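Q: I should like to learn how the features of a protein model are read. May we work through one example together?
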Amino acid sequence: MRIIYYGYPLWDYFLSSAGGSHELIKSEPLSFRSKLALHAFWNRGFRSRLLDFADVANSAPSDEPTIVMDIYSPAQLWRIAKKCGKDAPRYLWFWNPLKPTLRFHDIHRTVALVKDMGYRIFTFDPDDAEEFGIEYKNQFGARPAERNVAPRTDLYFCGNAKGRIAVIERIGRLCRKYGLSENFVIPRKQGIMINYSQNLENVRNSKCVLDIVQRGQSGLTLRPIEALLNSKKLITDNVAVERYDFYDPRNIFILGKDDESRIKEFVDSPFVEVPESVIEKYEFGNWLNSWR
């Protein structure tokens with residue numbers, strides 16, 4: 001199986017453990033100037049010759065099934081499709097909500113265009129799947145070698161602002177009101193760098209993970225999966241979490257639904273173990289093998 005992805009550190013982290021029978025191919029993102037040129041020519045119908053120069057996966061044609069991870073440029077997807085055998089299965093998986101990701105595109109038109117290239121399109125967001133006529137495939141995470149780490153912090157959050165600062169600050173005030181310690185890492189705002197391994201170490205060193213989603217998102221971020229795989233409590237404003245098979249009100253506190261005066265009681269209570277058969281579904285290695 002071929003896996004084609006942008007060479008971002010987070011993808012490198014997950015895919016470094018894939019190996020085995022998988023062929024990993026990095027596709028470098030196009031420059032802004034190249035994107036403008038391709039977009040202009042694409043809309044005028046001049047596709048095939050120009051796209052031979054697109055800076056995408058440089059690999060030989062293959063009849064192997066191909067998974068394309070979160071690459072949304074129609075130009076790049078067309079170029080990748082040309083490297084796939086005529087009858088070779090090809091899959092595209094979106095890891096982010098489609099409306100902000102494709103905000104400069106007509107989403108329905110783009111989806112139809114990519115389907116015409118022979119892709120089956122999947123998304124982590126159930127509502128996006130229904131609205132745009134594509135398929136749903138769940139989020140995943142990395143399972144730690146050790147889960148029984150004594151926590152040093154009550155509540156942990158890591159993520160860029162994305163319009164969430166006001167909510168995060170309110171939760172910080174709530175923590176201080178009830179005597180809970182917090183470790184909120186907002187890299188771009190705070191001018192710091194944190195790699196994914198460090199993030200997971202912070203998860204392991206916390207009792208509870210805070211999850212604040214983008215407006216209109218029903219799909220899970222990495223944070224609920226990190227909490228699940230590390231046996232940590234979760235506080236989230238994603239009410240759609242109740243749909244998922246690992247939801248347990250003893251482990252998951254929903255902001256705006258559950259009584260905030262009981263938040264300390266929730267954080268201090270023990271984590272209730274989730275059946276192994278449920279956990280396995282969200283582990284990256286099993287998720288990857290499920291495409292076969």
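A: Certainly. Please keep in mind that this is a predicted model. We may begin with accessibility: Arg-143 has a relative accessible area of 25% and is therefore partly exposed, since the partly exposed class lies between under 20% for buried and over 50% for exposed.

Q: With which residue does Arg-143 form a salt bridge?
A: A salt bridge requires a side-chain nitrogen of Lys or Arg within 4 Å of a carboxyl oxygen of Asp or Glu. The partner of Arg-143 is Glu-276, and their closest N and O atoms are 2.7 Å apart. Arg-143 belongs to the loop between β6 and β7, while Glu-276 lies in helix α13, so the pair ties together parts that are 133 residues apart in sequence. Glu-276 counts as partly exposed, at 36% relative accessibility.

Q: How many salt bridges does the structure hold?
A: The structure holds 18 salt bridges. One of them joins Arg-120 and Glu-135, with the closest N and O atoms 2.7 Å apart. Arg-120 is in strand β5 and Glu-135 in strand β6, so this pair connects parts 15 residues apart in sequence. Salt bridges may also form a network, as Asp-154, Lys-207, Lys-264 and Asp-268 do.

Q: In what order do the strands of the open sheet stand?
A: A sheet is read strand by strand, from one edge to the other. Here 6 strands follow the order β2-β1-β3-β4-β5-β6, with parallel pairing. Strands β2 and β6 stand at the edges with a single partner strand each, so one side of each has no neighbour in the sheet.

Q: Which residue of β4 is the bridge partner of Met-69?
A: Pairing is described by bridges between residues of two strands. Strands β3 and β4 pair in the parallel sense over 4 bridges, and Met-69 has Trp-93 as its bridge partner. Helix α6 packs on this sheet, touching β4 and β5, and its direction makes about 135° with that of β5.

Q: Are the faces of β10 covered or open?
A: For a strand, one examines the side chains on each face. Both faces of β10 are covered: Lys-233 and Ile-235 are buried on one side, as are Leu-234 and Thr-236 on the other. Strand β10 pairs in the parallel sense with β9 over 4 bridges and with β11 over 3 bridges. In addition, β9, α11 and β10 make a right-handed β-α-β unit.

Q: Where is Asn-230 placed, and is Asn-230 buried or exposed?
A: Asn-230 is in the loop between α11 and β10. With 1% relative accessibility, Asn-230 counts as buried. A polar atom of the Asn-230 side chain lies 2.8 Å from the backbone oxygen of Glu-226.

Definitions and conventions: Residues numbered from 1 in each chain as written. Predicted model: local features only at pLDDT ≥ 70, side-chain atom pairs only at ≥ 80, totals over all residues. Heavy atoms only, no water. Pairing = 2+ DSSP bridges. Contact = heavy atoms within 4.5 Å. Axes fitted to C-alpha atoms, helices over the stretch in contact; angles between N-to-C directions. Buried < 20%, exposed > 50% of the residue type's maximum accessible area, 1.4 Å probe, protein only. Polar contact = N/O pair within 3.5 Å; in protein donor to acceptor, adjacent residues only side chain to side chain. Right-handed = clockwise from strand over helix to strand, strands pointing away.
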